[in-house]
Amino acid sequence: MLARGFEVQLVAARETVPLRHAVLRPHQPIDEIYATADEPPDGHHFAAITRGAVIGVASLYHEPLPGRRALESAWRLRGMAVRGEHRKLGVGRALVEACLDAARNVGATLVWCNARTTASGFYERCGFETRGAAFLLPNIGPHVLMECAIATTSTVPRG
Ligand SMILES: CC(C)(COP(=O)(O)OP(=O)(O)OC[C@H]1O[C@@H](n2cnc3c(N)ncnc32)[C@H](O)[C@@H]1OP(=O)(O)O)[C@@H](O)C(=O)NCCC(=O)NCCS
């Protein structure tokens, strides 16, 4: 991955917080984000790192799909953020790939997310499909539920 100028590493939840705060939740006190970053505690957290600096983050949590709570094998992608000057260089895709690989390794059959409508095209490029109508999250904006089925052999489609 260093050939791409960055590497994706499994990190502690708290290492994702500064970028999550800066990119996704600047309206929220950072201490609140630190307080909940590790909940639920079986999450997997990834950072894209270049020259010691975190340029992208994403997390995967074992969390039921809304409306299908009985589906035990569903995991949720959250906290997807890439620093502005590093976007459109494949960092986000590499983080999603890391999350989908982790999901596959724990036996997930489906990964879902509440995608900002401004980012839904990105998730589509990474293999996700939209489910249902857009909805509004307070302080953040319009979102849409998206899902990616996990096949045991497939990988994230490339451009
Ligand atoms: C959305 C985000 C994570 C994408 O990260 P990125 O590193 O720029 O994405 P990549 O370079 O890996 O892009 C992968 C593909 O998606 C496309 N893409 C990236 N952002 C896109 C967007 N907002 N809309 C449509 N397509 C997008 C890229 O062009 C690329 O296409 P390709 O398959 O033709 O190569 C990043 O723009 C970001 O952090 N945005 C602000 C925070 C945010 O909205 N996070 C998502 C919250 S749900």
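**Overall form**

Of the 159 residues of the protein, 33% count as buried. The structure is a predicted model, and its secondary structure comes to four helices and seven strands, which follow one another along the sequence in the pattern β-α-α-β-β-β-α-β-α-β-β.

For 159 residues, a compact globule would be expected to have a radius of gyration near 15 Å, and the protein, with 15 Å, agrees with that expectation. Taken along the principal axes, the C-alpha atoms fill a box of roughly 40 × 35 × 30 Å. Among contacts between residues at least 6 apart in sequence, 63% join residues at least 24 apart.

**The sheet**

The seven strands form an open sheet of mixed pairing, in the order S1-S2-S3-S4-S5-S7-S6. The edge strands are S1 and S6, each of which pairs on one side only, and neighbouring strands of the sheet are turned by 25 degrees against each other on average when direction is ignored.

Beginning at the S1 edge, strand S1 (residues 7–11) runs antiparallel to S2 and is joined to S2 by five bridges, with Val8 having Ala48 in S2 as its bridge partner. Strand S2 is in turn joined to S3 by seven bridges, again in an antiparallel arrangement, and here the partner of Ala48 in S3 is Gly56. Ala48 therefore has a bridge partner in S1 as well as one in S3, given that strands pair through DSSP bridges. The hairpin of S2 and S3 has two residues between the strands, and within this hairpin Arg51 takes a positive phi near 45 degrees. Strands S3 and S4 also run antiparallel and are joined by five bridges, Leu60 having Leu77 in S4 as its partner.

**Helices against the sheet**

Helix H3 lies across S1, S2, S3, S4, S5 and S7, running at about 35 degrees to S3, whereas helix H1 (residues 17–24) lies across S3 and S4 and runs at about 75 degrees to S4.

The 15 residues of H3 should span 21 Å at 1.5 Å a residue, and because the end C-alpha atoms are 21 Å apart, the helix agrees with this expectation. Just after H3, Gly107 takes a positive phi of about 85 degrees.

**The nonpolar core**

In soluble globular proteins, nonpolar side chains tend to be buried together. In this model the largest nonpolar core has 36 residues, of which Phe46, Ala48, Ala58, Leu95, Cys99, Ala103 and Val111 touch the most other members. The elements that give two or more residues to this core are strands S2 (44–50), S3 (53–61), S4 (74–82), S5 (110–116) and S7 (141–149), together with helix H3 (91–105). H3 gives the most, with nine residues.

Buried positions in H3 include Val91, Leu95, Cys99 and Ala103. Leaving aside residues up to four places away in sequence, Ala103 touches Leu60, Trp75, Ala108, Val111 and Ile150. Strand S2 is likewise mostly covered, five of its seven residues being buried.

**A loop position**

Ile140 is placed in the loop between strand S6 (129–137) and S7. With 13 other C-beta atoms within 10 Å, Ile140 is partly exposed, because this count falls between the limit of 12 or fewer for an exposed residue and that of 20 or more for a buried one. The C-alpha atoms of Ile140 and Leu24 are separated by 8.1 Å, although the two residues are 116 residues apart along the chain.

Notes
Residues numbered from 1 in each chain as written. Predicted model: local features only at pLDDT ≥ 70, side-chain atom pairs only at ≥ 80, totals over all residues. Core = buried A, V, L, I, M, F, W, Y, C linked by C-beta atoms within 7 Å. Contact = placed C-beta atoms within 7 Å. Expected span 1.5 Å × (residues − 1). Rg over C-alpha atoms; globule rule 2.2 N^0.38 Å. Axes fitted to C-alpha atoms, helices over the stretch in contact; angles between N-to-C directions.
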